Amino acid sequence: MKSVAGIHLLGFCLAVFVLSSCNKPSYRFTNTDKDAKIKTLGTVEVTARLVEIPDGAIFQRDLYDYAAILKYEVVAVHRGTLEKGTTIYVGHYDPWKPRSKAADQRVKLMGGTLREFRSGSLHHMALETSMDDHYLGGIVDKYFGKHTGPTYWAVWTNAAD
Amino acid sequence: MSITPSPRYRFASLRILRCLCLVIFSSAALAGDLSPEVAKLAGEVRGKGWIVFPARSEKGDWDLFVMRPDGSQRRNITNTPDANESYPLFSRDGSRLLYRRLARNEIIDGNRYGEQGVPVVANADGTEPRVIGGEGDLPWASWSPDGQALACLSVKEITFVDAASGKVLRTLPRHGFFQQMTWSPDGKWLSGVANSFGTAWSIARMNITTGEANAVSNVDCCTPDWFPDGTKLIFSNRPPGQKTNNGQGWTQLWSADVDGHNRQLIYGEDGRHIYGGQVSPDGRYVLFTGNPQEDGDPGESGAPMGLMRLSDAPIIGGESKELRALHPDTKSGPVLTLPTGWEPCWTFSESPASHSKP
């Protein structure tokens with residue numbers, strides 16, 4: 001009898017703990033935060049498919065911060081004047097890092113839920129244009145000389161698959 | 001049973017060993033234990049002005065020091081235990097010093113040091129320091145040849161600023177320049193690190209009248225500086241394809257004509273990243289820093305600097321089997337080992353001597 005009561009008491013305490021934990025302020029981004037960032041940052045908001053990751057575009061080297069230019073096909077336009085089906089080129093800072101960990105002293109405004117860049121995946125992005133107006137640093141551009149028009153700068157990148 | 005130390009422990013042990021080696025190496029050099037060739041080189045440069053460089057003080061902060069080019073008469077000219085100082089640049093006449101002052105707890109970043117902290121101008125001996133802007137102002141500021149203006153580089157543009165009033169004189173699009181920008185001795189060009197030539201970390205020059213830019217060397221290059229006649233740049237370069245250092249290779253000191261031709265190895269050493277090349281005002285010697293760790297100069301405590309004759313180039317230091325195989329017709333010295341520091345700047349002026357004791 002005693003042990004059954006003990007189990008009930010333990011269960012009650014666990015339930016109280018879980019419920020009270022839910023009310024504690026969280027310093028992680030909530031879904032609302034994520035939506036707010038993607039909907040307000042930058043001047044363009046699109047969902048786009050990452051066409052490919054060229055050889056050597058994404059690598060990790062100690063103390064070697066850089067932005068890689070990646071090629072996308074626009075699937076949906078949420079803000080801005082781009083058209084569905086357009087090919088765009090987007091600069092991502094330190095692309096070997098999860099987007100939530102990419103911001104640093106050089107690029108302070110950067111984030112999103114995307115953990116890893118994979119060819120063919122869909123990304124929901126808040127973009128700035130042009131990249132040169134927002135980024136001062138090394139660029140790895142495997143498309144150099146192969147495209148015209150602006151290169152966009154990814155401020156916020158969420159996974160959209 | 002053998003005990004294998006953890007990677008972290010091994011790394012810490014290697015660091016301690018490297019530091020000991022560096023201390024022993026530099027102490028031996030400075031104690032007068034020099035080969036006749038190196039002693040001759042030291043004697044040649046002893047009276048040729050002064051070198052300013054950041055280094056850690058005995059209190060642990062980064063201060064600015066000056067010394068004779070042979071390493072003698074070293075003294076602290078800032079003495080600010082509550083702040084770090086970095087990126088010292090003598091005006092071309094050697095009368096003034098421009099540098100950045102950071103909070104003591106701010107780590108100096110090897111790619112951002114020109115935009116960290118506040119800009120300060122002082123007399124060349126460090127006296128009468130005057131803060132000339134706020135946090136991050138006048139980023140990558142570099143003296144004009146006459147010392148009347150500063151060229152600055154920000155994400156927005158290149159700005160030419162009157163050094164006395166701070167008034168913006170004119171602007172230029174930056175055309176991909178993003179760090180370590182320096183005004184040419186003839187005042188007509190800027191050199192810098194650029195991202196607009198297809199590879200990250202290209203060395204480029206820009207005509208300050210037209211804004212036209214050309215690449216000088218375009219694979220993994222940085223810290224460019226001018227030869228005094230303006231016809232060549234000296235810079236750090238990590239040539240691709242190296243097998244050492246886990247396939248990442250080592251950064252070497254190179255020079256090239258300003259149109260990108262006649263690239264030449266100046267100094268390389270497997271086991272040290274060579275940065276901060278600066279040619280003496282007479283174009284005969286070159287200073288550099290060399291650290292076993294990438295970014296080890298600003299991130300930690302620097303490493304002994306080196307000085308060599310350009311007429312002896314190319315020189316390869318240490319065993320450097322891979323590098324020697326690539327460059328068989330090189331010398332092994334002489335290289336004068338100087339005190340620990342990084343990003344040195346050299347003037348032939350005697351202004352930094354004002355408060356020094358012979």
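In what order do the 4 strands of the open sheet with β20 and β24 (chain B) lie, and is the pairing parallel or antiparallel? The order is β20-β21-β22-β24, and the pairing is antiparallel. Please keep in mind that this is a predicted model. The points below walk through that sheet, then a second open sheet in chain B, and finally the contact between chain B and chain A.

**The sheet with β20 to β24 in chain B**

- At the edges of this sheet sit β20 (273-279) and β24 (336-341) of chain B, each of which pairs on one side only.
- Ignoring direction, neighbouring strands here are turned by 30° against each other on average.
- Strand β20(B) is joined to β21 (residues 285-291) of chain B by 5 bridges, and the two run antiparallel.
- If you would like a spot to look at in that pairing, find Y275(B), which stands opposite T289(B) in β21(B).
- A helix also belongs in this picture: α2 (residues 36-45) of chain B lies across β21, β22 (303-309) and β24 of chain B.
- The angle at which helix α2 of chain B runs to β22(B) is about 85°.

**The sheet with β12 to β15 in chain B**

- This open sheet has 4 strands in the order β12-β13-β14-β15 (chain B), and its pairing is antiparallel.
- Its edge strands are β12 (177-183) and β15 (213-217) of chain B, and each has pairing on one side only.
- From one strand to the next, the twist averages 30°.
- Strand β14 (residues 202-207) of chain B pairs with β15(B) over 4 bridges in the antiparallel sense.
- Within β15(B), S217(B) is the bridge partner of I203(B).

**Where chain B meets chain A**

- Chain B brings 21 residues to the contact, and chain A brings 19 residues.
- Between them the two chains bury about 1700 Å², with 53% of this area on carbon and sulfur atoms.
- Three residues are worth picking out on the chain B side: R112(B), V155(B) and W201(B) supply 29% of the area that chain B buries against chain A, more than any other three residues.
- The side of chain B that touches chain A is made up of 6 nonpolar, 8 polar and 7 charged residues.
- How many salt bridges does the rule find across the interface of chain B and chain A? The number is 0.
- Polar contacts are found, however: 3 residue pairs between chain B and chain A are in polar contact, with both residues at pLDDT 80 or more.

Key: Residues are numbered from 1 along each chain as its sequence is written. Chains are lettered from A and ligands numbered from 1 in the order in which they are written. This is a predicted model: local features need pLDDT of at least 70, side-chain atom pairs count only at pLDDT 80 or more; totals for chains, interfaces and linings use all residues. Side-chain values use heavy atoms; hydrogens and water are left out. Contact means heavy atoms within 4.5 Å. Buried area is the accessible area (1.4 Å probe) that two parts lose on being put together, summed over both. A salt bridge is a side-chain nitrogen of Lys or Arg within 4 Å of a carboxyl oxygen of Asp or Glu. A polar contact is a pair of N or O atoms within 3.5 Å; within protein, one must be able to donate a hydrogen and the other to accept it, and residues adjacent in sequence count only if both atoms are side-chain atoms. Ala, Val, Leu, Ile, Met, Phe, Trp, Tyr, Cys and Pro count as nonpolar, Asp, Glu, Lys and Arg as charged, and the others, Gly among them, as polar. Two strands pair if DSSP finds at least two bridges between them. Axes are lines fitted to C-alpha atoms, for helices over the stretch in contact, and angles run from 0 to 180 degrees between N-to-C directions.
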